[in-house]
Structures are given as structure tokens and as C-alpha cells.
Amino acid sequence: MTGYERPVLSVKHLNKQYGRGCLKCVNKASLLKNYCPSCGTVYACQDISFDVHPGEVVGIVGESGSGKSTLMKCLYFDQEVTDGEAYISVYENGEKNLFQQSAQQKRYIRNNVMGKVYQNPLLGLKMDFSSIGNIAEKLISAGNRHVKMMESRGIELLDKVNIPVHRRKEAPKKFSGGMQQRVQIAKALSNNPPLLLLDEVTTGLDLSVQASVLDLIKELQRELNISIVLVSHDLSVIRMLADRTFVMLEGKVIEEGLTDQILEDPQASYTQQLVHSML
Amino acid sequence: MEHLLEIKNLSKIFTLHNLGKKIHAVSGIDISLKQGEFIGITGKSGSGKSTILKSIYGTYKIQEGSIRYNSKKYGPINLTTATAREMIYLRKHEIGYVSQFLSVMPRTSARELVKQSLMEMGTPQEKADWETEKMLEHFELDKELWDSYPATFSGGEKLRLNIARAMVKRPRLLLLDEPTASLDLDSKMKVKVLIEQLIKEGTTMLGIFHDLEFMENLCDREYSMQNGMLSNSISY
Ligand SMILES: Nc1ncnc2c1ncn2[C@@H]1O[C@H](COP(=O)(O)OP(=O)(O)OP(=O)(O)O)[C@@H](O)[C@H]1O
Ligand SMILES: Nc1ncnc2c1ncn2[C@@H]1O[C@H](COP(=O)(O)OP(=O)(O)OP(=O)(O)O)[C@@H](O)[C@H]1O
Ligand SMILES: [Mg+2]
Ligand SMILES: [Mg+2]
Ligand SMILES: [Zn+2]
């Protein structure tokens, strides 16, 4: 083993603004939180840099509007970044900035080296397709054509996420919230991605359902040694799953460290407030 | 490095922003441990004992003083400035910690918990299975509990599991924060046997004990703490 361990994902100086900006806000000095009152531009992510290592779970916490989902959307190309770089070790040997790839290459990356679970299952699933059809869709996008193989992979995945196999033909709209999240997870895992992006996977679920989804993630992570970026405003979710944690406020990372350090010895005033509000 | 661990002039101040308050938890701490030494810390509640261990383990951030550790992987490294990635590696492979309070994952069986400790340091599956069973057997954890969730265990059972998890790694440096606090005599003896075994194997340990008799029978040196400072040390 060498001293240098190559990250799976490396993000450098990611910026995302909604709006064009104006002369008053170019230097970001006169913003109200992340918002320019003159032109209405929102600076949702500002100069965000981090690495994710093999098998590591990186947690991102922060209040509503701090830019967590925007960051995830940028990484999955749901939104275009304003500027910045991201590299994935399994794509072009980690040498090409993902954000500068063609639309076709971005589709390839999305379908082959990443999986994402959305807070809102409507964004991650076709509610009227069968569950197994939803999984097949991702496999087809990645170039699979072999129907029998896709079927057996779909069954294997649904089983892994504890969806009864006999219900595989049912559409997610007939499932409970927790089951829908499980189908999303199965879909996200279908191409064995080295990187999984999870945006508030348990928000809005009953406590017991939350626990079972968290167990599932923990188990999959252990079994597949997958790297995960996990966004949540719930510190107990972060405590349970994340090795390292980043704290976001108004579009910026204001604190980062070992998860237990962030929770037990938070440094920034905002982080202290966040942690204490959970006690 | 002559020592395995050298704590020099360590101070920890908690700044509570909303209260505009600073808490001096410990100051001017100097402790050195040679490879294979077992050092005990005693002191009243609030005197700063746990703060020292948590500072070594990276749970608390340190602004003043240094904690130099002679790592197998990194060589001499200052733990107060080590990166989170380095600390994660050291926690997995070299530095064990038994916390004063129980931290068990909700839905992972006792067997899985102990096994994970071994798997994350790269122990092969079969060996991990075998060592896990050996450790659970040693602590006489009821076989029926091996595959159930610790959330339902008694306090003593949880504690024994917590210790088993840390000890099964045979860490190079083991930090013990009142590992025997709520154990019955029988379980305490089991912990004692393991500690003695670890001493024989050369594990370096820094432990907090309120059971002085238990500690004095085992350790090479003892420090007592008062108001965040070391007040006294006795060698045996
Ligand atoms: N499509 C959009 N157009 C304009 N502004 C947007 C858009 N999406 C998000 N924003 C703004 O960007 C900022 C960050 O939003 P984002 O959804 O990333 O927050 P979040 O941290 O995920 O919050 P939550 O915890 O509520 O999900 C907010 O100020 C939001 O109003
Ligand atoms: N995370 C923290 N945030 C703020 N203050 C803290 C924190 N941890 C400890 N302290 C303070 O530091 C001082 C020392 O605490 P510490 O936990 O080290 O004591 P201890 O000797 O281990 O006590 P006990 O025997 O009760 O466990 C106390 O005044 C405590 O309130
Ligand atoms: Mg969001
Ligand atoms: Mg203590
Ligand atoms: Zn503007």
C-alpha cells in the first residue's frame, strides 16, 4: 500500500449560480445570504472542492437552501455548472474534467459510472413503468440489449433491496414511499457504479421505514464497497453512515472533518447551532 | 521516535459561540508512552480525562500542543494536524478506542459488528469469522445473542461487545475510557484477562479507570488529574 490513495471522485472549485449576475454581485460582497437583491441571481454553490475515496461515505449537511441538492445535481449533470472541475477515476483515468465533456459523454458517465437516488422519487423513477422496467431502462441506457440478462439482473437487484420479486411487474406508483426509494436504489446500483449520490433518501419516510432504508444503504456499502456522497439535513443519518462530513451554509462549505469530530466538537458557530438543535 | 506516543503541552479549549464562553477542558498536559506501556489516568468527574483520549483519537480538535504518534504506516505523525483521511486509516488499523458511552449501530448483529472491525483492516473472511467467534466466546456473550441486534442487549452485554470490538483488532495503541465502569465482577475479570493478554503482546494502552484497584494491578504508571491538569504521577 502506498501513501497516496487515489480518490474515486475529485471535485475542484465547483460554482453554480442561477441567474446571470450583475455588476453589483460579481465579487459576491453585497449578497443577502446567497442571493443578489439587485438582479435576483442565486449563488447556490460557491467554490466547492472535495475528494471521495474508495469505499468512503462522505456526508453533506446544511440548512434548507444551502446548496446541497444543487451540488448533487451538478455532479449528475442535472444542472450545468457555472464553472469548476470534477474527475472520476474510472473515467478516462481520472484525467478529463467531466463538466467539459460532450452531452453524449455525460450521458455515458451518468449511465455507467454513477447512480443517483433523488429525494423525490418522481424525479428518479417513471411511476407508470413496472419496477423492473425502471431498472431495465438504466441498463438499456448503458447499452445492454440482452433481455433475459436484464430481467435476471433486475430480479437480483429487487431482491437485494427487499422488494418481493413477485411484485416486480408492478409500477412504483402503487408502492409505499419506502419501497419507491428501494426501487430507486436498485436502479441506481444496476450498473455497479463505483459512486452513488444520495439526496435526502430518507426524508419524508416514517421512522421505521427510514431505519430500514438506512440499514439497506449501510449493508450495500459494506458489501459492494461503493463510495457514497450522502446529502441530508438529518444529523442522525449522517452520524450513522458518514465517515467524513462537510457542512454547507449559503452555498459554501464552512466546515469539514471526521463525522464524530463535527458532531462532538463543532468549530463554526453555525455548526454548533446545527448540532445543538439536534440534541 | 523514542516513544510510541508523546503528548506535549496539550491544551483544549472549547469555544461556545452562542454563549460567548470558553471552557478550558485541559491544559499543559505532558504524557509519554513507550511501546508496550500501560498508563492509567484517574481524576474527578469533569477533570478532563476523556478530553485527553478524544484529542488523541481525533474527536476533539486541538489548537495548542502536540500529540506525536509513531505510526506503523506513516512514521512519526502529529495527530493534532493529521488529515481526516489519515485518522480514518489509523482508526481502522492502529488506534483502538473503547468509549465511555456505548456506540452500537442499531441494526447490525453482534457477530457482524465484531467481524466488521476485522474486515475493515483487511482480515480475510475466514480468519475474521474465526476470530470473531473466539472473542465473543471469551466474553461469554450468550450464543443466542450473537446474531441478534445489540439494541436489545443489557448494559453489561453492550459494554462487553464494545470492548470485544476494539480488542479484536489487537491495535497498536488502545485507548480505554472507563471500560469496566458498569460491569459485574465476572465481566471485569474477563476484561482483565484480555488486557493482560494485550500487555503480553506488546499493545500500548492509555486507560481511564475509576476502579483504582483494578487499574493499579495492571498499569505501569498512573496519572491523576485535577481541574484539567496533571497533578500527580505514580509509577509501579
Ligand atoms: N432551478 C433553480 N432556479 C433558481 N434557483 C434555484 C433553483 N434550484 C435551487 N435554487 C436556489 O438555490 C439555492 C440552493 O438550493 P438547493 O436546492 O441546492 O438547497 P438544498 O440545500 O438542497 O435545500 P433543501 O435542504 O431544502 O433541499 C436556494 O437558494 C434555491 O432557492
Ligand atoms: N464536547 C464538549 N463541548 C464542550 N465542553 C466539553 C466537551 N467535552 C467536554 N467538555 C468540558 O470539558 C471538561 C472536561 O470534560 P471531560 O469529559 O474530559 O471530563 P472527564 O474527566 O472525562 O469526566 P467524567 O469522569 O465525568 O467522564 C468539562 O468541563 C466538560 O464540560
Ligand atoms: Mg435539497
Ligand atoms: Mg469522561
Ligand atoms: Zn446581481
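**Surroundings of the two ligands**

Ligand 1 is surrounded by 13 residues, of which Ser64(A), Gly65(A), Lys68(A), Ser69(A) and Thr70(A) come nearest. The model described here is a predicted one. Classified by residue type, the shell around ligand 1 comprises eight polar residues, three nonpolar residues and two charged residues. Two elements of chain A, β2 (42-52) and α1 (68-75), each contribute at least two residues to this shell. The largest share is that of α1(A), which provides three residues.

Polar contacts to ligand 1 involve both side-chain and backbone atoms of chain A. In the side chain of Lys68(A), an N or O atom is placed 2.8 Å from an oxygen atom of the ligand. Lys68(A) is also among the residues that come nearest to ligand 1. The side chain of Asn34(A) has an N or O atom at 3.3 Å from an oxygen atom of ligand 1. For Gly67(A), the contact is made through the backbone, with an N or O atom 3.0 Å from an oxygen atom of the ligand. On its own, ligand 1 has 640 Å² of accessible area, and 65% of this is covered by the protein.

Ligand 2 is located between chains A and B. Its surroundings consist of 15 residues, and those that come nearest are Ser45(B), Gly46(B), Lys49(B), Ser50(B) and Thr51(B). Seven residues of this shell are polar, four are nonpolar and four are charged.

Contacts to ligand 2 are formed from both chains. From chain A, a backbone N or O atom of Glu264(A) is found 3.0 Å from a nitrogen atom of the ligand. From chain B, Ser45(B) places a polar side-chain atom 2.6 Å from an oxygen atom of ligand 2, and Ser45(B) also belongs to the residues that come nearest to the ligand. A further contact comes from Ser47(B), in which a backbone N or O atom lies at 3.3 Å from an oxygen atom of ligand 2. The accessible area of ligand 2 taken alone is 630 Å², of which the protein buries 70%. Two or more residues of the shell are given by each of β2 (21-33) and α1 (49-57) of chain B. With three residues, α1(B) supplies the largest share of the shell around ligand 2.

Methods
Residues are numbered from 1 along each chain as its sequence is written. Chains are lettered from A and ligands numbered from 1 in the order in which they are written. This is a predicted model: local features need pLDDT of at least 70, side-chain atom pairs count only at pLDDT 80 or more; totals for chains, interfaces and linings use all residues. Side-chain values use heavy atoms; hydrogens and water are left out. A residue is near a molecule or strand if one of its heavy atoms lies within 4 Å of it. A polar contact is a pair of N or O atoms within 3.5 Å; within protein, one must be able to donate a hydrogen and the other to accept it, and residues adjacent in sequence count only if both atoms are side-chain atoms. Accessible areas come from the Shrake-Rupley method with a 1.4 Å probe; for residues, only the protein chains shown count as cover. Helices (H or I, at least four residues) and strands (E, at least two) are DSSP runs, numbered from the N terminus. Ala, Val, Leu, Ile, Met, Phe, Trp, Tyr, Cys and Pro count as nonpolar, Asp, Glu, Lys and Arg as charged, and the others, Gly among them, as polar.
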